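Student: I would like a close look at one part of this model, namely the sheet and what surrounds it. Could you take me through that part strand by strand, in one connected account?

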Amino acid sequence: MSQTRTPCRTRRPRQSSARQATEKAVYRIRNWREYNQALVNRGSLTVWVDQEALDAWLYRGPNRWGAQYICSDAAIRCLLTLRAVSHLPLRATQGMAASIFELMGLDLEVPHYSTLSRRAVELAVGLARKSEGPLHLVLDSTGLKVYDEGEWKVRKHGYSKWRTWRKLHLAIEAETHGIQAAMVTEAGVDDAEMVEPLLKPIDREIAAAAGDGAYDKRKVYRVQEHRTGTILIPPRSNARIWKHADASGPPLARDENLRAIRRSGRKAWKRESGYHMRSLAETGVCRMKVIFGDHLASRRPECQVTEGAIRGRALNVMTHLGMPQSVRVA
């Protein structure tokens, strides 16, 4: 009789301790009570429709040609912020503001939804920055959908040619997580091209600026070397020295980073130079998309620029209400 042999099972060798995954760090929030109250206050209407906006509701500027303004830019900015925070279309924003004023007993006129759309084209939006001392900036960009399709349709039939994106460029302060600059461009705009427009409105001292490998270009260093001496951008894997030691003038910051990487390795350079603060840019992008979504409600490019600035301003207001203070415990 023939006997069937059971195939023997080979034991897999145990992974060495060096290859085993390191345990994830554990953090604990020290100011949970204050931070929890700040999260509650984000939904308060008095935060977004405050007394300062109500006092400046009526337009008091110079006369214009044609029809005169009734509501000020502060009123338009207030309603567009309320729209972004509450995820409302323009018509619903008008109805919500009218109901708020009726409940408050205020005799103020609410702009028509078409007025909100028209005034948003040239509206100046301040980002409500609040920070002291030199800035530690991290630069990043993310995509925002304009025309989109459902996930089922994409999996079943693929993407449509009408699928349109915009790119949101951000300059975030590493210590306070505040947005110092925000701009919306077309999807094909290079990240390096937007460094100068992002830094131009910032009139503060910049102690350090960090970005990912997409910013490793000469035009980025030409702009940043006049603003800061610490530039934390990882050179490409095949990068070469731009200015050798025998050349005249001080060495370039990018060449110094490359020499440090060649000496101690890329991982050690990132740890020693403080490059890992750049991850705060991804945290800020994630925070913005979770709160406001990954779509742009506006269709006109000018209104999309205003919508991006409105979101940055609203996120700064939320940050000022309170942020978590986390410490590593394990």
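Tutor: What follows is a walk through the sheet, then the helix across it, the cavity beside one of its strands, and a separate buried residue. Please keep in mind throughout that this is a predicted model.

To set the scene, the protein chain contains 13 helices and seven strands, and of its 330 residues, 40% count as buried. Among contacts in the protein chain with a separation of 6 or more, 62% are between residues 24 or more positions apart.

The part you ask about is an open sheet formed by five strands, whose order is S4-S3-S2-S5-S6 and whose pairing is mixed. At its edges stand S4 and strand S6 (230–232), each of which pairs on one side only. If direction is ignored, neighbouring strands of this sheet are turned by 25° against each other on average. As general background, the strands of a sheet pair through backbone hydrogen bonds, and they do so either parallel or antiparallel.

Let us begin with S2, which spans residues 135–147. On one side, S2 is joined by four bridges to strand S5 (residues 206–210), and these two strands run parallel; within this pairing, Leu135 has Ile206 in S5 as its bridge partner. On the other side, S2 is joined to S3 by ten bridges, and here the two strands run antiparallel. Two pairs of residues illustrate this S3 side: Ser141 has His169 in S3 as its bridge partner, while Thr142 stands opposite Leu168 in S3. Ten of the 13 residues of S2 are buried, so this strand is largely enclosed by the rest of the structure.

Moving on from S2, we come to strand S3 (164–173). Eight of the ten residues of S3 are buried, and therefore S3, too, is largely enclosed by the rest of the structure. S3 is joined to S4 by seven bridges, with the two strands running antiparallel. In this pairing, Lys167 stands opposite Thr185 in S4, and the bridge partner that Leu170 finds in S4 is Ala182. S3 and S4 also form a hairpin, with five residues between them, and in the turn His177 has a positive phi of about 65°.

With S4 we reach an edge of the sheet, since an edge strand pairs on one side only. One might ask whether the residues of S4 are for the most part buried or exposed. Six of the eight residues of S4 are buried, so S4 is largely enclosed by the rest of the structure.

A helix also belongs in this picture. Helix H12 (residues 279–292) lies across S2, S3 and S4, and runs at about 40° to S2.

Close to this description of S4 belongs the cavity, of which the model has one at 30 Å³ or more. About 50 Å³ of space lies in this largest cavity. Its lining is made up of Arg129, Lys130, Thr176, Gly178, Ile179, Gln180, Asn316, Thr319 and His320. Strand S4 (179–186) and helix H13 (301–321) are the elements that give two or more residues to this lining. Of these, H13 gives the most, with three residues. By residue class, the lining of the largest cavity divides into one nonpolar, six polar and two charged residues.

Finally, I add a buried charged residue as a separate point of interest, namely Arg119, which is found in helix H6 (residues 113–119). Arg119 counts as buried because its relative accessibility is 8%, and the cut-off for that class is under 20%. Leaving aside residues up to four places away in sequence, Arg119 touches Tyr69, Cys71, Ser72, Asp73 and Ile76. One of these, Asp73, is 46 residues from Arg119 in sequence, with a C-alpha to C-alpha separation of 8.1 Å in space.

Methods. Residues numbered from 1 in each chain as written. Predicted model: local features only at pLDDT ≥ 70, side-chain atom pairs only at ≥ 80, totals over all residues. Heavy atoms only, no water. 1 Å grid on protein atoms, 1.4 Å probe; cavity = no way out; pocket = protein on both sides within 12 Å on 5 of 7 lines; lining within 4 Å. Points joined across faces, edges and corners; volume = space filled by probe spheres on them. Pairing = 2+ DSSP bridges. Axes fitted to C-alpha atoms, helices over the stretch in contact; angles between N-to-C directions. Contact = heavy atoms within 4.5 Å. Buried < 20%, exposed > 50% of the residue type's maximum accessible area, 1.4 Å probe, protein only.
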